[in-house]
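Okay, can everybody see my screen? I'll put the structure up and talk through a handful of spots on it.

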Amino acid sequence: MNQNELKKSLAKLPLGEIKYFDSTGSTNDEALAWAAGDAKDMSLVVADEQTAGRGRLDRKWFTPPGTALAFSLILRPTPNEKPYLSRIVGLAALSVAEPLVRRGLSARIKWPNDVLLNECKVAGILTESVWSGDQVDCVVIGIGVNILKGSTPLQARLEFPATSLEDALGQPVERVEVLRDILAALVSLRPQLHTDKLMTKWEELLAYRGRQVQVETGGHGSITGMVTGLERDGSLQLRAEDGKLRTVRFGDVRLRPFA
Ligand code: BT5
């Protein structure tokens, strides 16, 4: 992968500028700094390797060189998009999952920000915002996808099983092709951000629907229940054991053993 190859492969997409790094700490950090400056809407940062890739809550995201996709896209939301920013993580997850489905794989979105193949994590998403006063000026969508076998970290370093696209397809795939597919999906889904159609698509690919899960909600303990769907803002909806519907805004979802 290099800057020229990227520019050529992505030339037909309506992107801003592209920055490529052989190695960087985190493409989200590069993109946040760029977004705070003059980056245009849909500008893209791509790295072959990340040395300080981040997940949520400052967890680590591993991107070894030559094997994975790590990129961050800068969105400058329009006034019409601003009321729907909480759906951007779903927009991003769908943009990763839909091209995988088109490749014949049964990709699922593990709420809120993981894409699964065969119940293993193949991609993670980290959305972060640049604020101007009390307004969101830019949203950075960071996406990491395990493409070749060597991208999957050792299981001992993970809380959840991981896989790669090569593992799922049984053959290697070109990273740039996957990147182009994801960005093209995002370009076509973005105009649906405010629509019920987007929420329906997101729900259709939601992992664990109808199954009992436990959601770790950070410092606030955990909630258990059956996954029933999504709220309009993208929060997860569960039916708790007392029969009442509960809304979860942040957390890590796990299937409940023996449920
Ligand atoms: C995420 O967080 O899954 C968000 C990952 C976002 C990564 C992208 S890469 C481009 C951009 N630049 C960045 O610095 N970040 C974004 P979370 O749900 O908190 O999951 C983090 C957990 O995933 C870690 O604690 C590990 O257990 C696991 N993990 C780390 N690397 C992995 C990998 N390559 N494949 C599967 N699981 C991984």
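So, glutamate 216: buried, exposed or somewhere in between? Relative accessibility there comes out at 34%, so glutamate 216 counts as partly exposed, because that value falls between the 20% and 50% cut-offs. Glutamate 216 lies in strand 8. If you want a feel for distances, take threonine 24: 192 residues separate that threonine from glutamate 216 in sequence, and C-alpha to C-alpha they are 31 Å apart. Oh, and keep in mind that this is a predicted model.

Let's back up along the chain a little, into the loop between helix 6 and strand 8, where we find arginine 211. With 38% relative accessibility, arginine 211 is another one that counts as partly exposed. Its C-alpha is 27 Å from that of glycine 144, and those two are 67 residues apart along the chain.

Tyrosine 208 also lies in that loop, with helix 6 covering 196-204 and strand 8 covering 212-216. What's odd about the backbone at tyrosine 208? Phi is positive, about 70°, although the residue is not a glycine. Just as background, most residues other than glycine have a negative phi. And is tyrosine 208 buried or exposed? The relative accessible area is 8%, so tyrosine 208 is buried, given that anything under 20% counts as such.

Now, where else do we get a positive phi without a glycine? Aspartate 58 has one, at about 60°. That aspartate lies in the loop between strand 2 (43-50) and strand 3. Aspartate 58 has 65% relative accessibility, so it counts as exposed, the cut-off being over 50%.

One more backbone item. Which two residues are joined by a cis peptide bond? Those are tryptophan 111 and proline 112, with omega at about 0°. In general most peptide bonds are trans. Proline 112 is in the loop between strand 4 (108-110) and strand 5 (114-117). Its relative accessibility is 12%, so proline 112 counts as buried. From its C-alpha to the C-alpha of glutamine 3 is 31 Å, with those positions 109 residues apart along the chain.

Right, the ligand. How many residues surround the ligand? There are 29, and the closest are Ser26, Arg54, Arg59, Lys121 and Asn146. Let me pick out some polar contacts. On the side-chain side, glutamine 50 puts a polar atom 2.9 Å from a ligand nitrogen. Phenylalanine 62 comes in through its backbone, with an N or O atom 3.0 Å from a nitrogen of the ligand. And for glutamate 159, a side-chain N or O atom is 3.2 Å from a ligand oxygen. Taken alone, the ligand exposes 800 Å², and the protein buries 97% of that. The space it takes up is the largest pocket. Which elements give two or more residues to the shell around the ligand? Helix 2 (27-36), strand 3 (68-75), strand 6 (120-132) and strand 7 (135-146) do.

Last stop, helix 5, residues 175-189. From first C-alpha to last, its 15 residues reach 21 Å, close to the 21 Å expected at 1.5 Å a residue. As for what is tucked away there, the buried residues of helix 5 include Val176, Val178, Leu179, Ile182 and Leu183. Arg175 is on that buried list as well, and so are Ala185, Leu186 and Leu189.

That's my tour, so over to you for questions.

Conventions. Residues are numbered from 1 along each chain as its sequence is written. This is a predicted model: local features need pLDDT of at least 70, side-chain atom pairs count only at pLDDT 80 or more; totals for chains, interfaces and linings use all residues. Side-chain values use heavy atoms; hydrogens and water are left out. Helices (H or I, at least four residues) and strands (E, at least two) are DSSP runs, numbered from the N terminus. The expected span of a helix is 1.5 Å times one less than its number of residues. Buried means under 20% relative accessible area, exposed over 50%, partly exposed in between (1.4 Å probe, protein chains only). A residue is near a molecule or strand if one of its heavy atoms lies within 4 Å of it. A polar contact is a pair of N or O atoms within 3.5 Å; within protein, one must be able to donate a hydrogen and the other to accept it, and residues adjacent in sequence count only if both atoms are side-chain atoms. Accessible areas come from the Shrake-Rupley method with a 1.4 Å probe; for residues, only the protein chains shown count as cover. On a 1 Å grid over the protein atoms alone, a cavity is a set of points where a 1.4 Å probe fits but cannot get out, and a pocket is an open set with protein on both sides within 12 Å along at least five of seven lines; lining residues have an atom within 4 Å of a point. A molecule sits in a cavity or pocket if more than half of its atoms lie within 2 Å of its grid points.
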